[in-house]
Structures are given as C-alpha cells and as structure tokens.
Amino acid sequence: MDKKRVAVPLVCHGHSRPVVDLFYSPMTPDGFFLISSSKDSSPMLRNGETGDWVGTFEGHKGAVWSCCLDTNALRAASGSADFTARIWDAITGDELHSFEHKHIVRACTFSEDTHFLLTGGVEKILRIYDLNRPDAPPREVDKSPGSVRTVAWLHSDQTILSSCTDMGGVRLWDVRTGNVVRALETKSPVTSAEVSQDGRYITTADGFTVKFWDANHFGLVKSYNMPCTVESASLEPKYGYKFIAGGEDMWIHVFDFHTGEEIACNKGHHGPVHCVRFSPGGESYASGSEDGTVRIWQTGPASTHDDTEAVSANGLLTWKCQCHRRRGFAQD
C-alpha cells in the first residue's frame, strides 16, 4: 500500500473564537466562495480556491451558528445566538434584512431557487421566509420535536430536511403540507447533514457514525464507524469516491466511500474539528475548528510549497479595501 501523503493546508486566520460552520458556494462566473461562521459573531467570506479573505459581515451581537451563500454567491445568510437570521449583500458586505426570532437561530439555508430562506433553532420551529417579500410573516412548518440543529432543502425545494440537537434521527418534511413524510433513524443526534451535489445522497454524522442515505428512496446505503466522535462529514461531490469526517480527535479523516477504508489522516488543528466541507469541484476541502482557524486542504498532488503553512488573511480589513476579485466591489 502506498505511503499516505502528509498534506499541508492553507491556514485561514481571522476568527477570534471557534469556527462552527462552513459553506461553499457553487461555481459562479467569479469562481467559488467559502463562508465561515464563528462564536466571535462575525461571519467571514473567502475566495474558495485560494482562501484569500474577501470580507467580514458585521452586525450580529452573539455567536453565529450557521452560514450559507445563495446559488450565485451574491447574498449570504447567517443565524445567530442574538435571536436573528440576517441576509447580507455578498458584494458590498451590507446587511439587507434581519429576521427576528424568539430564541437562538441554530441553522439557516437558502432554497435552490434562492427565493426563500429556511431557519430553525431552539424555538423548535422551522420557518420559511419569502425573500421577495422580506417584511411578510414567514411560513411556519409544523413544530419540530426538538431544538433544530441542521436544515437543508432537497427535491428542488419540495422537501425539507432537519435534525435535532437533543434526539437522534433526521426528519423529512413535505413543504406543501408541512408534515413529516419520513424519518431516518440514528442512535445519536445528527450534528451534520449534507445533500450531495447531484442530489443522490444524504450524508449524516451522528456520534461515532457516518451514514449515507438514498436521497430519493431514503434507504440506508452505507454506514461506517469512525475512530472518534465526529461532528461533521462531507462526500466528495464530483465522483463520490471518498468522504471526509472531523471531530473530537482534531484530525480530518479521509475515507474511501465504497469500502470505508481510511485513505488519509490530516493533522494540523489544535482543537476539535466542528465542520468539514468539500469544495464544489472536489479539488479541495475546508475544515473549521475550536482553534479559530479555517484550513483548506488540497485533494490533488502536493504542491512545491507544501513545506510551509500558507496564511491567507487576517480578517482585519474592510470591504472597501478589497482587490476587486469580484465584479461590483466598491472602490475608494
């Protein structure tokens, strides 16, 4: 068996507290982007390929638990412990709207058509906001049985996926009726749930297990035991040959999807890994940790610069100081 290559990541500094969520945009005319949320209350946007800092969204008054970008990476959304979910202009960094909740917002995500924002949290209520009418009351889906930990859309925005902080399983809700149509059973609470780019699989992490479910028929396809408690897992989006998982042991484990064999174990974080996600083309993946850093790992051959860690940004600038990597950036 070939010796496992030691990967050296791009290290993205800037957050002052643990990084708890990551989200890659799809490929856009300007490339692809990575947004991170942190307990420091300030989501950060980066170039997804290079890790270069683009800007920081400022305005939340509490830990930001969830973040996402719309399909074109023109808008960002974030959910926070300050009882709000906010919409941001991802070009200028301006806040576009703030949706008030009655408790902590733990999860948020844009619909595939970008017209709606789905939120969930400690209130145990799933809310759907019409972004074409942001001042209108949201639609409330039937109450969740527990505090909402993760949310996602699937089936062209016809189905909602949610998991709870304090109980196992994933629930699938019919958007038209607002009712649970299926439940995927797990022993432990699901801390990460991802719908694959091609819509075939749902990847979940619960306790010591990563599971893959058929996203159309909902059967369990594969289940693998992990070497530690994992918080997050992600399936490589282009070919689906491998997946990554991160958790309490501070390492990012890479596995063969078909066999479950560990391919690589990448070390570098100095605290538990809270989130891992593949880039849209699968050429790299990002990890966020209790140590406050985002690290971007290449899946291809090692570069000639792999002998040192590359620090891409410190996150201390302002939106107007950017190098115009995106169309429409304000110029001084």
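A: Two strands count as paired when DSSP finds at least two bridges between them. With that in hand we can read this predicted model, beginning with strand 15 and its neighbours.

Q: How many bridges join strand 14 to strand 15, and do the strands run parallel or antiparallel?
A: Strands of a sheet pair through backbone hydrogen bonds, and the pairing may be parallel or antiparallel. In this case strand 14, which covers residues 148-154, is joined to strand 15 by six bridges, and the two run antiparallel. One bridge partnership to find on the screen is that of Val151 with Ser162 of strand 15. The two strands form a hairpin with four residues between them, and His155 in the turn has a positive phi of about 55°.

Q: What does strand 15 pair with in the antiparallel sense over five bridges?
A: The partner is strand 16, residues 168-174, and here the hairpin has three residues between its strands. To place the pairing at the level of side chains, look for Leu161, which stands opposite Leu172 in strand 16.

Q: Which residues of strand 15 lie on one side and which on the other?
A: In a regular strand the side chains alternate between the two faces of the sheet. In strand 15, Thr159, Leu161 and Ser163 lie on one side while Ile160, Ser162 and Cys164 lie on the other, and all of these are buried, so that both faces are covered.

Q: Why can strand 15 be called largely enclosed by the rest of the structure?
A: A residue is called buried when its relative accessible area is under 20%. Because six of the six residues in strand 15, residues 159-164, are buried, the strand is largely enclosed by the rest of the structure. Strand 16 is mostly covered, with six of its seven residues buried.

Q: Where does strand 16 continue the pairing over six bridges?
A: It pairs with strand 17, residues 179-195, again in the antiparallel sense and over six bridges. Leu172, which we met opposite Leu161, also stands opposite Arg182 in strand 17. The hairpin of strand 16 and strand 17 has four residues between the strands, and Gly178 takes a positive phi near 75° there.

Q: What is the strand order in the open sheet of four strands?
A: The order is 6-7-8-9, with antiparallel pairing. Strand 6 (64-69) and strand 9 (95-100) are the edge strands, since each pairs on one side only. From one strand to the next the twist averages 15°. Within this sheet, strand 6 and strand 7, residues 75-80, run antiparallel and are joined by five bridges, and Cys68 stands opposite Ala77 in strand 7.

Q: Is His253 buried or exposed?
A: The cut-off for buried is under 20% relative accessible area. His253 is buried because its relative accessible area is 3%, and its place is in strand 23, residues 252-256. Setting aside neighbours within four places in sequence, His253 is in contact with Pro227, Phe243, Ile244, Ala245, Glu262, Ala264 and Cys265. With Glu262 the link is between side chains, a polar contact of 3.0 Å. A further distance to check is the one from the C-alpha atom of His253 to that of Ile263, which lies 10 residues away along the chain and is separated from it by 7.7 Å.

Q: Which side chain joins that of His274 through a polar contact of 2.7 Å?
A: It is the side chain of Glu290, and a polar contact of 2.8 Å joins the side chains of His274 and Glu231. His274 lies in strand 25, residues 273-278, and counts as buried because its relative accessibility is 14%. Not counting residues up to four places away in sequence, its contacts include Pro18, Val19 and Val20 as well as Ser232 and Gly288.

Q: Which residues does the UniProt annotation "repeat: WD" cover?
A: According to the unreviewed UniProt entry, that annotation covers residues 57-98 and 266-298. In the model, residues 266-298 are 0% helix and 55% strand, and the end C-alpha atoms of the span lie 11 Å apart.

Q: How many helices and strands does the chain have?
A: The chain has zero helices and 28 strands. Buried residues make up 56% of its 332 residues. Of the contacts with a separation of 6 or more, 44% come from residues 24 or more positions apart. The chain exposes about 14300 Å², of which carbon and sulfur atoms supply 50%.

How values were computed: Residues numbered from 1 in each chain as written. Predicted model: local features only at pLDDT ≥ 70, side-chain atom pairs only at ≥ 80, totals over all residues. Heavy atoms only, no water. Buried < 20%, exposed > 50% of the residue type's maximum accessible area, 1.4 Å probe, protein only. Contact = heavy atoms within 4.5 Å. Polar contact = N/O pair within 3.5 Å; in protein donor to acceptor, adjacent residues only side chain to side chain. UniProt positions renumbered as here; feature names shortened; annotations may be inferred. Axes fitted to C-alpha atoms, helices over the stretch in contact; angles between N-to-C directions. Areas by Shrake-Rupley, 256 points an atom, 1.4 Å probe, with all protein chains shown as cover.
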